[in-house]
Amino acid sequence: MATTDAPVELKSPASIAKFAGLLALVALPLFVSEYQVSTWSTYLAFALLALSIDLVWGYTGLLTLGHAAFFGAGAYVTAKLLKEVPAVPDVAVVFLVAPALAALLTLGLGWFLFSADVKGSYFAITTLIVSIIFESVAGEFVGFLGGFNGIYGIPSIQVVGFELTATMSYYLALGVLVGSYLLLRLLVDSAFGRVLRGIRGNQERTEFFGYDTQQYRLIVFTLSGAMAGVAGSMYATMDGFVSPPLLGFVLSTQVVIWIAVGGRGTLIGAVFGALLIQYLNSTLSDVLINYWEMGLALLFIAVVIGAPQGIVGLLSDTVEGIRTNLESTNRSDLRAGGEADD
């Protein structure tokens, strides 16, 4: 009897890539300076912001251009409390007060927008206006919020009276980011997540099957706002400075670009895009000096034209194509082996 080789299989390349990326982030503080560790800590905070936006945009189809407002709100309330109300534990400020404030803001805005069934470009424009208003208000309150000079000298987070070092803050940010990703992965892979995809695909049809799409969108929007608040709060403790642009439309639109480059609706693409673009911002500005923005713009254009589904989407499609070809080859080999046996 003729023998045939066992089918060739790809051992979850996506999982391998994610694990390799996580290992690289875990090992990073061992190979870079303390200043670079602090810089990467802020990258992780921005990646958490991107993750929160991808939950809304990628899984309900609602493009929000105002999430910087909730990110900045978390940053500002953290700055004020840590500097002026030291009696409140830092951990409570970062993980309770900041996300609660951001969640209340998104809950109020979401209730208003979803009750009126605002969606599409109108939703994007309205959230953008909110971000612009928040930035303007922060700039006007000179005495309370520092105006456009911002608030500086924000202390690093303390745990039971012990101030975290730059490396400890980095690993805290990494842990929060990884934990948030895993929780959102469970959410979008659940029955709840399937309803969100239904809303993204066809909201009217989803409502026809008896689902309250307003409630689902409001829950997701509020959750994403709370995550943005945590991200902003961590950023404030790591950078030590907050200013009105953290609330503005420039940051909001930048994050959307990060997600588009990484891969919308994948979660991991939001994280990858945020970290990649921020790293390239720093690297290209040193190498290209006055032309780094042009180089970055060319990269964006290349991704939009060559991989409209984002880099992660492109890699996933490539791996799936290789898998399909291997399976097709294996089936052909098996048929050929069976015919030889006959």
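This is a guided tour of one protein chain, taken one selection at a time.

**The whole chain**

Begin with everything shown, and keep in mind that this is a predicted model. The chain contains 14 helices and four strands, and of its 342 residues 45% count as buried. Its accessible surface comes to about 17200 Å², and 67% of that area belongs to carbon and sulfur atoms. Among the contacts in the chain with a separation of 6 or more, 79% are made by residues 24 or more positions apart.

**First selection: Phe46 and Trp258**

The structure holds 14 aromatic pairs, and Phe46 with Trp258 is one of them. A pair of aromatic rings is described by the distance of the centres and the angle of the planes. For Phe46 and Trp258 the centres are 5.8 Å apart and the angle between the planes is 70°, an edge-to-face arrangement. Colour the two helices as well, and the pair can be followed as a link between distant parts of the chain, since Phe46 belongs to helix H2 (residues 34-60) and Trp258 to helix H11 (residues 249-262), 212 residues apart. Phe46 and Trp258 are both buried, and a view that hides the surface may help here. Now add Phe71 and Tyr235 to the selection, and you have a cluster of four residues, Phe46, Phe71, Tyr235 and Trp258, linked by ring pairs.

**Second selection: Tyr211 and Tyr216**

How are the rings of Tyr211 and Tyr216 placed towards each other? Their centres lie 6.1 Å apart and their planes meet at 80°, which is over the 60 degrees required, so this pair too is edge-to-face. The surroundings of the two residues can be compared by their accessibility: Tyr211 has a relative accessible area of 39% and is partly exposed, whereas Tyr216, at 17%, counts as buried because the limit for that class is under 20%.

**Third selection: Asp117, Lys119, Glu204 and Arg217**

Turn next to charged side chains, where the count comes to six salt bridges. Select Asp117, and look for Arg217, whose side chain meets that of Asp117 in a salt bridge at 3.4 Å, N to O. Arg217 lies in helix H10 (residues 213-239), while Asp117 is in the loop between helix H4 (90-115) and H5, so this salt bridge ties together parts that are 100 residues apart in sequence. Is Arg217 buried or exposed? With a relative accessible area of 3%, Arg217 is buried, whereas Asp117, at 36%, is partly exposed.

Asp117 also forms a salt bridge with Lys119, in which the closest N and O atoms are 3.9 Å apart. Lys119 is partly exposed, with a relative accessible area of 29%. From Lys119, move on to Glu204, for the side chains of these two residues meet in a salt bridge at 3.1 Å, N to O. Lys119 is in the loop between H4 and H5 and Glu204 in helix H9 (residues 203-208), so the parts tied together here are 85 residues apart in sequence. Glu204, at 48% relative accessibility, counts as partly exposed. With all of these side chains displayed, you can trace one network, in which salt bridges that share partners join Asp117, Lys119, Glu204 and Arg217.

**Fourth selection: the nonpolar patch**

Show the surface again and select Ile125, Ile129, Ile133, Val137, Phe141 and Phe144, which form a nonpolar patch with about 570 Å² of accessible area together. Which helix gives the most to the nonpolar patch? Helix H5 (residues 121-140) does, with four residues. Ile125 lies in this helix, and at 47% relative accessibility Ile125 counts as partly exposed.

Stay with Phe144 for a moment and add Lys80, whose charged end sits over the ring of Phe144, 4.3 Å from its centre. For another such arrangement, select Lys83 and Tyr152: Lys83 lies over the face of Tyr152, at 5.5 Å from the ring centre.

**Last selection: Tyr171**

Finish at Tyr171, in helix H7 (residues 166-188), which counts as partly exposed at 33% relative accessibility. Leaving aside neighbours within four places in sequence, Tyr171 is in contact with Val26 and Pro29. A distance drawn from Tyr171 to Leu44, C-alpha to C-alpha, comes to 9.7 Å, although these residues are 127 residues apart in sequence.

Note on methods: Residues are numbered from 1 along each chain as its sequence is written. Side-chain values use heavy atoms; hydrogens and water are left out. Rings of Phe, Tyr and Trp (its six-membered ring) pair if their centres lie within 6.5 Å; planes under 30 degrees apart count as stacked, over 60 as edge-to-face and the rest as tilted. Buried means under 20% relative accessible area, exposed over 50%, partly exposed in between (1.4 Å probe, protein chains only). A charge sits over a ring if NZ of Lys or CZ of Arg is within 6 Å of the ring centre and within 35 degrees of the ring normal. Patches are made of residues with over 30% relative accessible area and no salt bridge: like charges are joined within 9 Å, nonpolar side chains (Val, Leu, Ile, Met, Phe, Trp, Tyr) within 5 Å. Accessible areas come from the Shrake-Rupley method with a 1.4 Å probe; for residues, only the protein chains shown count as cover. A salt bridge is a side-chain nitrogen of Lys or Arg within 4 Å of a carboxyl oxygen of Asp or Glu. Contact means heavy atoms within 4.5 Å.
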